[in-house]
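Grab your viewer and work through these exercises with the model open. Try each task before you read its solution.

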Amino acid sequence: MSTTSTVDRAFEAALYADTDAALDTGASLLAADPAADAELARRGREFVAGAWRRGWQPADVVRFVRREREDEHVRLLARLIIEEHEHGYEQAGGKRQSPSPRWAAQLDEIKDLAAHPTRTDRFSHATAALELYRLLLRLPTLEPLDRPQETGASTRHHPESRMLARIRALLAKAEATEFPEEAEALSAKAQELMARHSIDEALLAARTHSKNAPGACRIGVDPPYETAKAVLLDAVARANRCEAVWNEALGFSTVVGFEADLEAVELLHTSLLVQATTAMTKAEAAQRKGGRKRTKTFRQSFLAAYAHRIGDRLAAVAEAQVAEAETEGAGPEGAAAPDLLPVLAARDVAVHEQFTRMFPDTVTTRVRGVSDAAGWQQGAEAADRAQVRARPRLPS
């Protein structure tokens, strides 16, 4: 019996039926034929490539499988993703389209997952592979984001700018410190750098007549309390001249905007989520000391209030930052700059048009489960304490 025949029989038995008995039958066929292992892996790489054709990206698939399955499935998927990338590049004679910077960064992160060995018997490995392939086979089609770029044989991507690396380091320190004054100074400096970076990018693009268009990225929105977290992400996106839409079923939001603004959204949303979670944990501990036990409703209300209030604060800060930049009247590197407001307005129009093309049928949802007054009040107070306000410039 050929290895292809073994895999075909296993797939026919297990992939198109959801019963445990069908899964066991397919796994038994694969476990009994070690010569079929290479063909099984090759088919897995084909399923991964099929996910790319349906608009998925590496981080999206890993996140989805992690939500639905176990660590064993995630490690197996990671190996298939890396192998699909390497095999495809080799088969194209080194001339395959190289990945975009965002795609390449996702591959770099997945390499760590792929490096962890999986120690299981043959039957368990075959079972995990078939369960994973079932998921990959049923992935829906998503809105396409960036695709690999035509850059010849090079697969290297541009390194993170010094500005973004500095912002990332400041936010990491702000989240880790136990001293509020230090966190405030670090967060204020990071916010100042993010605002200046975004405005400089817009002015430079206008001055050089850049043809850059808005792009998009997907950001995971993990349980629990996904609705409140999605609202927080939406608030951060709007404050940074982006638009976001939440896919509740698949556990992510898609954010549309110019690249510098997308990077700011990812960094600031992550930092604020850490701040919110830390504040919520402390507030909840105080509530428990007082004899309260309504943990779930308290948390939901806390995060919903935090997201609502932070949205108001971010919007006010964004307006103030634009006004300050307009008053300064200078572009990056001291060059004469175009008028800022028309430049930003044109970028807003471009972002909205791109968002509408990608998502013509979005709907608005309500935040449910907000019924704890104490949670709402303390969440709003925590948002007022969050470090988002632009402050006087600090020394570099």
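What follows is a set of exercises, each with a worked solution.

**Ground rules**

This is a predicted model, so to speak: local features need pLDDT of at least 70, side-chain atom pairs count only at pLDDT 80 or more, and totals for chains, interfaces and linings use all residues. Residues are numbered from 1 along each chain as its sequence is written, and side-chain values use heavy atoms, with hydrogens and water left out.

**Exercise 1. Get the overall picture.**

Task: Find how many helices and strands the protein chain has, and what share of its residues is buried.

Solution:
- Start with the secondary structure: the protein chain has 14 helices and three strands. Helices (H or I, at least four residues) and strands (E, at least two) are DSSP runs, numbered from the N terminus.
- Next, burial: 46% of the 396 residues count as buried. Buried means under 20% relative accessible area, exposed over 50%, and partly exposed in between, with a 1.4 Å probe and protein chains only.
- Last, contacts, meaning heavy atoms within 4.5 Å. Take those between residues at least 6 apart in sequence, and 81% of them join residues at least 24 apart.

**Exercise 2. Take helix 10 apart.**

Task: Work out whether helix 10 is enclosed or open, and what covers its buried residues.

Solution:
- Check the geometry: helix 10 covers residues 226-239, 14 residues in total, and its first and last C-alpha are 20 Å apart. That is close to the 20 Å expected at 1.5 Å a residue, where the expected span is 1.5 Å times one less than the number of residues.
- Count the burial: 10 of the 14 residues are buried, so helix 10 is largely enclosed by the rest of the structure. Among them are Thr 227, Lys 229, Leu 232, Leu 233 and Val 236.
- Look for the cover: it includes strand 1 (215-220), strand 2 (243-247), strand 3 (252-257), helix 11 and helix 12.
- Zoom in on strand 3, where Ser 253 sits. Ser 253 counts as buried at 2% relative accessibility. Beyond its neighbours within four places in sequence, Ser 253 is in contact with residues including Ala 230, Leu 233, Cys 217 and Trp 246.

**Exercise 3. Hunt for unusual backbone.**

Task: Which peptide bond is cis, and which residues other than glycine have a positive phi?

Solution:
- Begin with omega: it is near 0° for the bond from Pro 223 to Pro 224, which is cis. Pro 224 lies in the loop between strand 1 and helix 10.
- Go on to Arg 241, which is not a glycine but has a positive phi of about 60°. Arg 241 is in the loop between helix 10 and strand 2, and counts as partly exposed at 26% relative accessibility.
- Then take His 209, whose phi is positive, near 55°. His 209 belongs to the loop between helix 9 and strand 1 and is exposed, with a relative accessible area of 63%.
- Thr 208 lies in the loop between helix 9 and strand 1 too. A polar atom of the Thr 208 side chain is 2.8 Å from the backbone oxygen of Leu 204.

**Exercise 4. Probe the largest cavity.**

Task: Where does the lining of the largest cavity come from, and how do its residues divide by type?

Solution:
- Set the terms: on a 1 Å grid over the protein atoms alone, a cavity is a set of points where a 1.4 Å probe fits but cannot get out, and lining residues have an atom within 4 Å of a point. Points are joined across faces, edges and corners, and a volume is the space filled by probe spheres set on them.
- Count and size: there are three cavities of 30 Å³ or more, and the largest holds about 210 Å³.
- Go to the centre: 16 residues line the largest cavity, with Ala 195, Ala 239, Asn 240, Ala 318 and Gln 321 nearest its centre.
- Trace the walls: helix 9 (180-207), helix 11 (259-289) and helix 12 (295-328) each supply at least two lining residues.
- Sort by type: 10 are nonpolar, four polar and two charged. Here Ala, Val, Leu, Ile, Met, Phe, Trp, Tyr, Cys and Pro count as nonpolar, Asp, Glu, Lys and Arg as charged, and the others, Gly among them, as polar.

Note on methods
On a 1 Å grid over the protein atoms alone, a cavity is a set of points where a 1.4 Å probe fits but cannot get out, and a pocket is an open set with protein on both sides within 12 Å along at least five of seven lines; lining residues have an atom within 4 Å of a point. A polar contact is a pair of N or O atoms within 3.5 Å; within protein, one must be able to donate a hydrogen and the other to accept it, and residues adjacent in sequence count only if both atoms are side-chain atoms.
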